Amino acid sequence: MPADSQRSVTDTPHRGAGTSAVEVRRSARRRRTVSAYREGDRTIVLIPARMSEAEELRWVGVMLDKLAAQESRGVLGDAELTERALRLSEQYFGGRARPGSVRWVTNQNTRWGSCTPAEGSIRLSHRLQGMPEYVVDYVLLHELAHLLVPGHGPDFWRLLEAYPRTERARGYLEGVVAAERLPHPPPAREE
């Protein structure tokens, strides 16, 4: 960590944050801006070193609210996911793929989605939440296509050719998988 930076960690989440800790990092180089991001189960808030404790508390609250609002906009509920799947089926498959249910699941850590054609059920991995819309749409279309064509043969891929962002979405997902395989550097030691 740079010499001009200071850290403080709070184990009590501020204002309903969905994390177990908030870490505030002060920097003498930072003059006016405040920013925040999620890092695992913590929220990191970057502030100017000159801020008072009262300003820090206020800005931590503001930034946690801002992050929560951004995250809630990006996550569809199961009902919205089903509506989206139906719209995509109509747009790209002429409405032929009719899922019985579409929902998020947390037990798929090696697949982006799955489909059970006999039941008409589609499940998307929670790991897709927060990814760009075109990526979620691609995975939905991929699973919808399985309602029409089992397996991954030429007829299946021909169906997906209708979606103009198929290759881009596949590249994005491949990049995510590759990034997960990269070695993670050990955490910085505090001195």
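**A guided chat about helix α3 and its surroundings**

Visitor: How many of the 16 residues of α3 are buried?
Guide: In this predicted model, 13 of the 16 residues of α3 are buried, so the helix is largely enclosed by the rest of the structure.

Visitor: And how far does α3 reach from its first C-alpha to its last?
Guide: The helix reaches 23 Å between those two atoms. For its 16 residues, 22 Å is expected at 1.5 Å a residue, and the span of α3 is close to that value.

Visitor: What does the secondary structure of the whole protein chain come to?
Guide: The protein chain has five helices and seven strands. Starting at the N terminus, the order of the elements is β-β-β-β-α-α-β-β-β-α-α-α.

Visitor: What share of the chain counts as buried?
Guide: The chain has 191 residues, and 39% of them count as buried.

Visitor: What about contacts between residues at least 6 apart in sequence: how many join residues at least 24 apart?
Guide: Among those contacts in the protein chain, 40% do so.

Visitor: Let us go back to the helices. How many aromatic pairs does the structure hold?
Guide: There are three aromatic pairs in the structure. One of them is formed by Y134 and Y172, and its arrangement is edge-to-face. The two rings lie 6.4 Å apart, centre to centre, with 80 degrees between their planes.

Visitor: Which helices do Y134 and Y172 lie in?
Guide: Y134 belongs to helix α3 and Y172 to helix α5, so the pair ties together parts that are 38 residues apart in sequence.

Visitor: Where do Y134 and Y172 stand on burial?
Guide: Y134 has a relative accessible area of 12%, which is under the 20% limit, so Y134 is buried. Y172, at 31% relative accessibility, counts as partly exposed.

Visitor: Why is the pair of F156 and W157 called edge-to-face?
Guide: The angle decides it: the planes of F156 and W157 stand at 85 degrees, and a pair counts as edge-to-face when the planes are over 60 degrees apart. The centres of the two rings are 5.0 Å apart.

Visitor: How accessible are F156 and W157?
Guide: F156 has 0% relative accessibility and therefore counts as buried. W157 is partly exposed, with a relative accessible area of 26%.

Visitor: New topic. What is the volume of the largest pocket?
Guide: The volume of the largest pocket is about 460 Å³. The pocket is lined by 20 residues, and those closest to its centre are T110, R111, W112, G113 and H142.

Visitor: Which elements each supply at least two residues of that lining?
Guide: They are the strand β6 (113-116) and the helices α3 (133-148) and α5 (166-181).

Visitor: And what is the lining of the largest pocket like, by class?
Guide: The lining has seven nonpolar, seven polar and six charged residues.

Visitor: Where does L128 lie?
Guide: L128 is in the loop that runs between β7 (121-125) and α3. At 0% relative accessibility, L128 counts as buried.

Visitor: What does L128 touch, leaving out residues up to four places away in sequence?
Guide: On that basis, L128 touches W104, W112, V135, V136, V139 and L173. As for G113, its C-alpha is 9.1 Å from that of L128, and the two residues are 15 apart in sequence.

Visitor: Which strand is A36 found in?
Guide: A36 is found in strand β3. Its relative accessibility is 18%, so A36 counts as buried, the limit being under 20%.

Visitor: What does A36 touch beyond four places away in sequence?
Guide: The residues touched by A36 are I44, V45, M63 and L67. A36 and L64 are 28 residues apart in sequence, and their C-alpha atoms are 7.7 Å apart in space.

Visitor: Last one: is R32 buried or exposed?
Guide: R32 is exposed, as its relative accessible area of 73% is over the 50% limit. R32 lies in the loop between β2 (21-27) and β3 (35-39).

Visitor: Which residues does R32 touch, not counting those up to four places away in sequence?
Guide: R32 touches P48 and R50. R32 and P48 are 16 residues apart in sequence, while their C-alpha atoms are 6.4 Å apart in space.

Key. Residues numbered from 1 in each chain as written. Predicted model: local features only at pLDDT ≥ 70, side-chain atom pairs only at ≥ 80, totals over all residues. Heavy atoms only, no water. Helix = DSSP H or I, 4+ residues; strand = E, 2+ residues; numbered from the N terminus. Buried < 20%, exposed > 50% of the residue type's maximum accessible area, 1.4 Å probe, protein only. Contact = heavy atoms within 4.5 Å. 1 Å grid on protein atoms, 1.4 Å probe; cavity = no way out; pocket = protein on both sides within 12 Å on 5 of 7 lines; lining within 4 Å. Points joined across faces, edges and corners; volume = space filled by probe spheres on them. Nonpolar A, V, L, I, M, F, W, Y, C, P; charged D, E, K, R; others polar. Expected span 1.5 Å × (residues − 1). Phe/Tyr/Trp six-rings, centres within 6.5 Å; stacked < 30°, edge-to-face > 60°.
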